[in-house]
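I opened this notebook to record what I looked up, entry by entry. The sequence and structure are placed here for reference.

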Protein chains: 2
Amino acid sequence: MSQTVDRALSILPLLAEGPADLGQVADRLGVHKSTALRLLRTLHEHGLVYRQSDQRYRLGARLIALAQEAMENLDIREIAHPHLVRLNEHCGHTVHLAVYEEDEVLYIDKVESRYPVRMYSRIGKPVAITVAAVAKLLLADLSEQERRALAEKLDYPMYTARSTPNPDAFLRELAKVREQGWATDLGGHEESINCVAAPIRGADGRVVAAMSVSAPNVVVTADELLTLLPLVRRTADDISGEYSGRNPAKNPV
Amino acid sequence: MSQTVDRALSILPLLAEGPADLGQVADRLGVHKSTALRLLRTLHEHGLVYRQSDQRYRLGARLIALAQEAMENLDIREIAHPHLVRLNEHCGHTVHLAVYEEDEVLYIDKVESRYPVRMYSRIGKPVAITVAAVAKLLLADLSEQERRALAEKLDYPMYTARSTPNPDAFLRELAKVREQGWATDLGGHEESINCVAAPIRGADGRVVAAMSVSAPNVVVTADELLTLLPLVRRTADDISGEYSGRNPAKNPV
DNA sequence: TGGTGCGTTGCAATACCTGCAACACTCATT
DNA sequence: AATGAGTGTTGCAGGTATTGCAACGCACCA
């Protein structure tokens, strides 16, 4: 691990919180201003940070472009997208696609609800890993050691009274999800929002992604949402089949 | 500029082209394998690169999350979004929002067309800077020296017969756009797609962003699209007003 | 069994990074 | 107008952190 690079990269999450000037960056890195300046200059040359008119630094445009390319390289996304759209056209609710990577679960695709009430979420945003239905599916597929290790490491914020409270409860939930092959989040993240989710598997049976349908109570009750479960699972299986090369696409574009 | 950081950051665009193994990265950087390994490890620790199961490296999830936060910090996007949605609801076509930064113009928001025929574009993707209507508006606002310098620096790919062919033509087009306060792209990027665009200005009158409406010939002719110009300009002006704090939001969420 | 192609590790040499101190500049304040 | 505080910036000497090498471990294949 390279100290210089390590410091430089530490600047990025720092700037993600908002613009900062040279002094602030230097302080938070714990280095001299001149050192911070040179690191920032290097980041600037690569377009990862931008210097706005008030001289402060913020994250740059190339970072966004890079992330864009990163997502285009995720072929699961390309394959799944039309299926997600079709599911949304059928049920009208918000549809998400998520993957697991290095202790994080994040949304990589989303089709917005066609109801006026929408839920907040953004592609690229890490999800609430201890409560989200897609997170449960992705983590349930890890080995038991990995699950235990991760469960201990996590925080368990009580978003609502029904949030997963601690590692034990989380591990039990993962075991259940692993068993049944699907997952729900019934008001564990936001009081009035429910989700049902199903796993997408690669050729070797490992879970490579998970998809979910989310809707607020004011639109459908949890019970009504659960009636969609068979459809969600079928859609996930279709994507699995196409991803692992078993089935060709039904509606090639 | 720090050599170590410079090398490390050079890995990112390289991996954006697709996954690569250690040897490939070392070769393209022109350094020893062990050096490349240590740089990759540092990038890995920060989540910017991910090591997939076949040991090859690709861009990591945190990069996507960072870019997400970068976009959320762009307040022009937050302000403009509801206006873009409303414009889309009215006319049904694809609506884009773009900004200029360091010789690049890129889309930072998009509302999809409600017609079945959609155009390809992605948030975060740099736009075809010599032909896109939004690019013309953003560049037209630069000082004359900046415009000349940039015009010389650019490439002028002939996407179609109507693409801007050279610096002189581009500078003339920018002068015209600067004069009239709006811009078009009539088949300059893709033969059958037309756009009309209008500038969004900050309190000091400088152009901070540009928005456009795009539609393929098969849906509306160029002339029909131009009838939307007043509406597009009005929307852009509304956003300008709100951004510069002159008008409060009309429909606060 | 031996060979090839990977990724990985310890080490010595030195290139590169660091922090310092002085400078340039803007902006308030007097 | 002059002073001062707060920025960001530059050159430099010292020494740390980075580099490339060479050797090793390992998987795969012949």
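**Entry on domains.** What distance separates the centres of domain 1 of chain A and domain 2 of chain A, taken over C-alpha atoms? I found 34 Å between these two centres. I note that this is a predicted model. For the bounds, I took the domain assignment of chain A, which gives residues 3-66 as domain 1 and 74-243 as domain 2.

**Entry on two helices.** I next looked up α2(A) and α3(A), whose axes come within 9 Å and cross at roughly 105°. Crossing angles from 65 to 115 degrees count as roughly perpendicular, and α2(A) and α3(A) are therefore roughly perpendicular to each other. I then listed the residues that meet: α2(A) brings L22(A), V25(A), A26(A) and L29(A), while α3(A) brings K33(A), A36(A), L37(A), L39(A) and L40(A). By class, I recorded eight nonpolar residues, one charged residue and no polar residues in this contact.

**Entry on DNA strand C.** I found 20 residues around DNA strand C, with T35(A), Q3(B), T4(B), L37(B) and R41(B) the closest. Sugar or phosphate accounts for 67% of the strand C atoms within 4 Å of the protein, and bases account for the rest. I looked up three contacts to phosphate oxygens of this strand. A polar backbone atom of Q3(B) is 2.5 Å from one, a side-chain N or O atom of R41(B) is 2.7 Å from one, and a polar side-chain atom of R51(B) lies 3.0 Å from one. The largest share of the surface near DNA strand C comes from α3(B), with five residues. I sorted this surface by class into three nonpolar, 10 polar and seven charged residues.

**Entry on DNA strand D.** I turned to DNA strand D, which has 20 residues around it; Q3(A), T4(A), L37(A), R41(A) and T35(B) come nearest. Of the strand D atoms within 4 Å of the protein, 65% belong to sugar or phosphate and the rest to bases. Which part of DNA strand D lies 3.5 Å from a backbone N or O atom of H32(B)? I found a phosphate oxygen there. For the bases, I noted that a side-chain N or O atom of S34(B) is 3.2 Å from a base nitrogen of the strand, and I recorded 3.2 Å between a base nitrogen and a side-chain N or O atom of R38(B). Helix α3(A) gives the largest share of the surface near DNA strand D, five residues. By class, I counted three nonpolar, 10 polar and seven charged residues on this surface.

Terms used: Residues numbered from 1 in each chain as written. Chains lettered and ligands numbered in written order. Predicted model: local features only at pLDDT ≥ 70, side-chain atom pairs only at ≥ 80, totals over all residues. Heavy atoms only, no water. Near = heavy atom within 4 Å. Polar contact = N/O pair within 3.5 Å; in protein donor to acceptor, adjacent residues only side chain to side chain. Helix = DSSP H or I, 4+ residues; strand = E, 2+ residues; numbered from the N terminus. Nonpolar A, V, L, I, M, F, W, Y, C, P; charged D, E, K, R; others polar. Domains from an automatic or database assignment. Axes fitted to C-alpha atoms, helices over the stretch in contact; angles between N-to-C directions. Parallel < 35°, antiparallel > 145°, perpendicular 65-115°, else oblique. Contact = heavy atoms within 4.5 Å.
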